[in-house]
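Hi,

Here is the structure I promised to pass on. Have a look at it first, and then read on for my notes.

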Amino acid sequence: MELERALARVSYLLTRVRRHDRAMTKCGIKIDRASVPLLRLLADAPEPMRLGELAVRLDVEAPHVSRQIQRLEKAGFVERVPDPDDRRAQRVSPTADGRRAVDSIRDVMREWMREALSEWSSEDLKALAVLNHRMVDAFLDHAEQAGDLGPRSPLAFVRDRRS
């Protein structure tokens, strides 16, 4: 019960509008909260992705992804490129500005964590990271066994690489 309570508190803190707005101000970036996971996924992808694949990986409807891509494209964070496998289709990739935006967002979030945990010992921080990776991997295993994650879910790619 306490673990669930702690996770709910962390989730709440990390997903607040004020946190997002402060992070974007600090980064000097104008991007809505819903677009951040999409831009992160594109920045981490080894190659440009189709809109449908993005929708599947984010577990959202295709029109939602289309709207977000239009916003990101208008802001100069992504670009559409021809699909080499289908001339009728397009793929999306982050621009250099989009990659810089993701790096900036990650830097700000890491700084926030460093500040919040500044009084923790390096041993405690290492133990926290190890246990969090272990927990997330166990959650992923359980979700996959229950059929809650598709094989193309972005979570399928975020396993702790050290295990």
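Which hand does the crossing of H2 and H6 have? The crossing is right-handed. Before I go further with that pair, please keep in mind that this is a predicted model, so everything below is computed from predicted atoms.

**The overall picture**

The protein has seven helices and three strands. If you walk along the chain from the N terminus, the order of elements is α-α-α-β-α-α-β-β-α-α. Along the principal axes, the C-alpha atoms fit in a box of roughly 55 × 40 × 25 Å. There are 163 residues in the protein, and 28% of them are buried. The exposed surface comes to about 11,500 Å², with carbon and sulfur atoms supplying 54% of it. As for how the chain meets itself, take the contacts between residues at least 6 apart in sequence: 52% of those join residues at least 24 apart.

**H2 against H6**

Back to the two helices from the opening question. H2 covers residues 17-27 and H6 covers residues 96-116. They pack at an angle of about 115°, and their axes are 9 Å apart. On the H2 side, the residues that meet H6 are Arg19, Ala23, Met24, Lys26 and Cys27. Their counterparts in H6 are Ser104, Ile105, Val108, Met109, Glu111 and Trp112. Sorted by character, the residues of this contact come to seven nonpolar, one polar and three charged.

Two of the residues just named, Lys26 and Glu111, form a salt bridge, with 2.9 Å between the closest N and O atoms. Lys26 sits in H2 and Glu111 in H6, so the pair ties together parts that are 85 residues apart in sequence. Lys26 counts as exposed, at 51% relative accessibility, whereas Glu111 counts as partly exposed, at 27%.

**H3, and its link to H6**

How many of the 10 residues of H3 are buried? Seven of them are, so this helix (residues 35-44) is largely enclosed by the rest of the structure. The buried ones are Ser35, Val36, Leu38, Leu39, Leu41, Leu42 and Ala43.

Asp44 of H3 takes part in a salt bridge with Arg106, where the closest N and O atoms are 2.8 Å apart. Arg106 belongs to H6 and Asp44 to H3, so here the pair ties together parts that are 62 residues apart in sequence. Arg106 counts as partly exposed, at 21% relative accessibility.

**Other salt bridges**

Side chains of opposite charge can pair when their charged atoms come close. In the whole structure, the search turns up 13 salt bridges. One more worth finding on your screen is between Glu73 and Arg80, at 3.0 Å from N to O. Both partners are partly exposed: Glu73 has a relative accessibility of 32%, and Arg80 has a relative accessible area of 27%. There is also a network, in which salt bridges that share partners join Glu47, Arg50, Asp83, Asp85, Asp86, Arg88 and Arg91.

**A few single residues**

Arg80 turns up again next to Leu51, which is in helix H4. Which residues does Leu51 touch, leaving aside its neighbours within four places in sequence? Its contacts are Val65, Ser66, Ile69, Arg80 and Val92. Leu51 and Arg80 are 29 residues apart along the chain, and their C-alpha atoms are separated by 9.9 Å. Leu51 counts as partly exposed, at 22% relative accessibility; the cut-off for buried is under 20%.

Asp59 is in the loop between helix H4 (51-58) and helix H5 (62-74). Its phi is near 55°, which is a positive value in a residue other than glycine. Asp59 is exposed, with a relative accessible area of 69%.

Finally, look at Leu13 in helix H1 (residues 2-14). Leu13 is partly exposed, at a relative accessible area of 47%. From Leu13 to Thr25 you go 12 residues in sequence and 17 Å in space, C-alpha to C-alpha.

Happy browsing!

How values were computed:
Residues numbered from 1 in each chain as written. Predicted model: local features only at pLDDT ≥ 70, side-chain atom pairs only at ≥ 80, totals over all residues. Heavy atoms only, no water. Buried < 20%, exposed > 50% of the residue type's maximum accessible area, 1.4 Å probe, protein only. Helix = DSSP H or I, 4+ residues; strand = E, 2+ residues; numbered from the N terminus. Axes fitted to C-alpha atoms, helices over the stretch in contact; angles between N-to-C directions. Left-handed = near helix turned anticlockwise from the far one by under 90°. Contact = heavy atoms within 4.5 Å. Nonpolar A, V, L, I, M, F, W, Y, C, P; charged D, E, K, R; others polar. Salt bridge = Lys/Arg side-chain N within 4 Å of Asp/Glu carboxyl O. Areas by Shrake-Rupley, 256 points an atom, 1.4 Å probe, with all protein chains shown as cover.
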